[in-house]
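Here are some exercises to work through with the model open in your viewer. Try each task before you read its solution.

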2 protein chains.
Amino acid sequence: METWDAIRARRNVREFADTPVPDGDLERILEAGRIAPSASNWQPWNFVLVTEREDLVSLSRVWRGAGHAAGAAAAIVVVCPIQDDPRRRELLQYDVGQATMSMMIAAADLGIGTGHSSIGDQELARSLLGFPEDRFAAYFFSLGYPREGSLRPLRRMNRRPFEEVVHRGRW
Amino acid sequence: METWDAIRARRNVREFADTPVPDGDLERILEAGRIAPSASNWQPWNFVLVTEREDLVSLSRVWRGAGHAAGAAAAIVVVCPIQDDPRRRELLQYDVGQATMSMMIAAADLGIGTGHSSIGDQELARSLLGFPEDRFAAYFFSLGYPREGSLRPLRRMNRRPFEEVVHRGRW
């Protein structure tokens with residue numbers, strides 16, 4: 001898909017078809033995250049790919065907004081080193097935002113829908129995924145083909161108008 | 001450009017050709033940021049587009065790593081509401097990461113290079129851009145055609161190996 005179409009086709013998907021996503025597509029999406037930029041190239045992320053139904057159902061319990069994982073074809077959990085310094089915590093969030101956005105655009109390009117979730121219950125996530133004590137699960141997103149309507153560029157999105165958001169030269 | 005090519009063609013560019021970037025291309029890049037996803041769709045951003053040489057030179061002084069702005073064709077400054085709550089500050093950074101990544105991929109698609117910068121001197125940024133007291137400049141990125149070598153998918157990037165970053169099923 002053309003880039004501009006993929007960017008406009010990305011939307012939050014929370015209900016997925018039963019169709020599995022090919023391994024090669026999941027790998028490309030993960031690769032988009034792997035090559036994302038980060039502050040001083042610190043790459044503060046590991047990605048855990050979850051595809052077993054039982055694990056997806058468990059993952060759906062890590063937060064009240066995580067239910068969509070139960071019916072997804074897969075999920076990618078972004079696991080990061082715990083930061084003590086508040087400024088580093090903010091930097092990490094920015095970089096994780098960059099990496100997940102790149103993965104979600106790469107997914108949209110393949111017709112694969114994505115839906116974010118926060119992770120509230122870190123102990124549940126840890127017992128499910130087995131990541132070390134000095135890491136935390138920052139976010140995950142579900143993946144799969146949308147149950148209703150394939151991804152295509154949206155004509156209208158629920159966003160603030162361009163002229164309100166954009167300033168030329170000065171605020 | 002195909003999405004997968006644009007994602008792999010994006011790299012940090014800090015030296016720019018003198019060629020201006022067409023207004024329509026800048027608008028498309030800004031549009032990619034405008035439609036980016038955010039927590040509860042709060043869209044915590046305004047974008048100030050800077051294209052005057054004098055302003056770009058001033059902008060290059062907001063941080064020690066901001067020098068590339070002086071020779072850029074343009075810069076986009078992401079201005080956000082100041083958050084008192086640390087959790088909201090992290091959430092904001094994540095969302096700004098998403099929006100800037102989307103803009104940088106949209107730029108790469110058009111052959112336009114981008115380079116991030118933090119913003120250290122908020123008062124200089126504020127006097128230059130005129131944003132209100134309850135906002136801060138979170139980041140900016142410079143834009144322009146690369147002085148050397150057009151953007152094309154990179155075969156090698158300086159990143160941790162795929163098998164180190166990605167875990168299947170469990171860490």
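**Exercise 1. In the predicted model, find the order of the strands in the open sheet that contains β3(A), and say which strands are its edges.**

Solution.
- Step 1: Trace the strands across the sheet. The order is β3(A)-β4(A)-β2(A)-β1(A)-β5(B), five strands in an open sheet with mixed pairing.
- Step 2: Look for strands that pair on one side only. These edge strands are β3 (113-117) of chain A and β5 of chain B.
- Step 3: Check the twist. Ignoring direction, neighbouring strands in this sheet are turned by 25° against each other on average.

**Exercise 2. Work out in which sense β1(A) pairs with β5(B), parallel or antiparallel, and do likewise for β3(A) with β4(A).**

Solution.
- Step 1: Recall the background. Strands of a sheet pair through backbone hydrogen bonds, either parallel or antiparallel.
- Step 2: Go to the place where the two chains share the sheet. β1(A) and strand β5 (residues 166-168) of chain B are parallel, with three bridges between them. A residue pair to look for here is A:Leu49, which stands opposite B:Arg168 in β5(B).
- Step 3: Move to the other edge. β3(A) runs antiparallel to strand β4 (residues 135-144) of chain A, and five bridges join the two. In this pairing, A:His116 stands opposite A:Phe141 in β4(A).
- Step 4: Add the helix. α2(A) lies across β1 and β2 (74-81) of chain A together with β5 of chain B, and runs at about 160° to β1(A).

**Exercise 3. Describe the open sheet that contains β5(A), and find the bridge partner of B:Val48.**

Solution.
- Step 1: Read off the order, β5(A)-β1(B)-β2(B)-β4(B)-β3(B); this is an open sheet of five strands with mixed pairing.
- Step 2: Identify the edges. β5 of chain A and β3 (113-117) of chain B each pair on one side only. From one strand to the next, the twist averages 25°.
- Step 3: Zoom in on strand β1 (residues 46-50) of chain B and strand β2 (residues 74-81) of chain B, which are antiparallel and joined by five bridges. In β2(B), B:Val77 is the bridge partner of B:Val48.
- Step 4: Place the helix. Helix α2 (residues 23-34) of chain B lies across β5 of chain A together with β1 and β2 of chain B, at about 160° to β1(B).

**Exercise 4. Determine how chain A and chain B are related, and which element of chain A gives the most to the side that touches chain B.**

Solution.
- Step 1: Superpose the copies. A turn of 180° with a shift of 0.0 Å along the axis lays chain A on chain B with an RMSD of 0.0 Å. The two copies are therefore related as by a two-fold rotation axis. The same surface serves both, as 100% of the contact residues of chain A recur in chain B.
- Step 2: Count the contacts. 55 residues of chain A are in contact with 55 residues of chain B.
- Step 3: Assign them to elements. Those of chain A that each supply at least two residues include α1 (3-9), α2 (23-34), β1 (46-50) and α4. With 15 residues, α4(A) gives the most to the side of chain A that touches chain B.
- Step 4: Sort that side by class. It has 26 nonpolar, 14 polar and 15 charged residues.

**Exercise 5. Decide whether the span of helix α4 of chain A fits its number of residues, and whether α4(A) is enclosed.**

Solution.
- Step 1: Compare the spans. Helix α4 (residues 86-109) of chain A has 24 residues and reaches 35 Å from its first C-alpha to its last, close to the 34 Å expected at 1.5 Å a residue.
- Step 2: Check burial. Because 20 of its 24 residues are buried, α4(A) is largely enclosed by the rest of the structure.
- Step 3: Look just past the helix. A:Gly111 follows α4(A) and has a positive phi, near 80°.

**Exercise 6. Classify A:Ser117, A:Gln43 and B:Ser40 as buried or exposed.**

Solution.
- Step 1: Start with A:Ser117, in strand β3 of chain A. It has 22 C-beta neighbours inside 10 Å, so A:Ser117 counts as buried. Among the residues that A:Ser117 touches are A:Trp63, A:Tyr139 and A:Phe141.
- Step 2: Turn to A:Gln43, in the loop between α2 and β1 of chain A. A:Gln43 is buried, with 20 other C-beta atoms within 10 Å. Its phi is positive, about 45°, although A:Gln43 is not a glycine.
- Step 3: Finish with B:Ser40, in the loop between α2 and β1 of chain B. B:Ser40 counts as exposed, with 7 C-beta neighbours inside 10 Å. B:Ser40 is not a glycine either, yet has a positive phi of about 50°.

Key
Residues are numbered from 1 along each chain as its sequence is written. Chains are lettered from A and ligands numbered from 1 in the order in which they are written. This is a predicted model: local features need pLDDT of at least 70, side-chain atom pairs count only at pLDDT 80 or more; totals for chains, interfaces and linings use all residues. Helices (H or I, at least four residues) and strands (E, at least two) are DSSP runs, numbered from the N terminus. The expected span of a helix is 1.5 Å times one less than its number of residues. A residue is buried if 20 or more other C-beta atoms lie within 10 Å of its own, exposed if 12 or fewer, and partly exposed in between; C-beta atoms are placed from the backbone. Copies are superposed by least squares on the C-alpha atoms of residues with pLDDT of at least 70 in both. Two residues are in contact if their C-beta atoms, placed from the backbone, lie within 7 Å. Ala, Val, Leu, Ile, Met, Phe, Trp, Tyr, Cys and Pro count as nonpolar, Asp, Glu, Lys and Arg as charged, and the others, Gly among them, as polar. Two strands pair if DSSP finds at least two bridges between them. Axes are lines fitted to C-alpha atoms, for helices over the stretch in contact, and angles run from 0 to 180 degrees between N-to-C directions. Lists of a residue's contacts leave out its neighbours within four places in sequence.
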